[in-house]
Amino acid sequence: FVMPAVQGYGLPALEALHRGVPVVMHRDSGASEIFRATPWVEIIESYDDLVSGLRRLNTRIGEGDLTVDSWPAVPTDNGWAEEISQECGWLDRAEA
């Protein structure tokens, strides 16, 4: 999935990743900071980097770097709510 445009929340990229589709996204997209450490996402700095970003991602795909073990955990509303509730002490960690 290619998302070179700046997206406020990066929802299209999140949806693609949820379906197991690798992503090329702009660094200013809302979700890019979440996925910096995964081989499933190539983050480009500008529109001029799109072709080189696609090449880097295709290289990782060809080398077999995109495995089930390296698939990123896609954040969910429930997951975030649970983490925040635990951190704030609103939910006992044993209850989670």
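This report walks through a few features of a predicted model: its nonpolar core, its salt bridges and two loop residues.

**The core**

Let's begin on the inside. The largest nonpolar core has 13 residues, and those touching the most other members are L17, V23, M25, F35 and V41. Helix α1 (11–18) and strands β2 and β3 each give two or more residues to this core. The largest share, 4 residues, is the contribution of α1.

V41 is a good residue to look up in the structure. Setting aside residues up to four places away in sequence, V41 touches L17, V23, M25, F35 and R60. Keep R60 in mind, as we will meet this residue again among the charged pairs.

**The salt bridges**

How many salt bridges does the structure hold? There are 4 of them, including the three in this table.

| Pair | Closest N to O distance |
|---|---|
| R27 and D28 | 2.9 Å |
| R56 and E42 | 2.7 Å |
| E42 and R60 | 2.8 Å |

E42 appears in two rows of the table, with R56 as one partner and R60 as another. The bridge between R56 and E42 ties helix α2 to strand β3, across 14 residues of chain. The E42 and R60 pair also links distant parts of the chain, with E42 in strand β3 and R60 in helix α2, 18 residues apart.

Are these three residues buried or exposed? E42 has a relative accessibility of 8%, so this residue counts as buried, because buried means under 20%. R60, at 17%, is buried as well. R56 has a relative accessible area of 36% and is therefore partly exposed.

The R27 and D28 bridge belongs to a network of salt bridges that also includes E45. Here R27 is partly exposed at 33%, and D28 is partly exposed at 41%.

**Two loop residues**

S70 sits in the loop between α2 (50–62) and α3 (77–87). Which backbone atoms does the side chain of S70 approach? One is the backbone oxygen of D65, 3.1 Å from a polar atom of that side chain. Another is the backbone nitrogen of T67, at 3.0 Å. Apart from neighbours within four places in sequence, S70 is in contact with T38, P39, W40 and D65.

I34 is found in another part of the chain, in the loop between β2 (23–26) and β3 (41–44). With 38% relative accessibility, I34 counts as partly exposed. The C-alpha atoms of I34 and P72 are 9.1 Å apart, although 38 residues separate the two along the chain.

Key
Residues numbered from 1 in each chain as written. Predicted model: local features only at pLDDT ≥ 70, side-chain atom pairs only at ≥ 80, totals over all residues. Heavy atoms only, no water. Polar contact = N/O pair within 3.5 Å; in protein donor to acceptor, adjacent residues only side chain to side chain. Contact = heavy atoms within 4.5 Å. Buried < 20%, exposed > 50% of the residue type's maximum accessible area, 1.4 Å probe, protein only. Core = buried A, V, L, I, M, F, W, Y, C linked by side-chain atoms within 4.5 Å. Salt bridge = Lys/Arg side-chain N within 4 Å of Asp/Glu carboxyl O.
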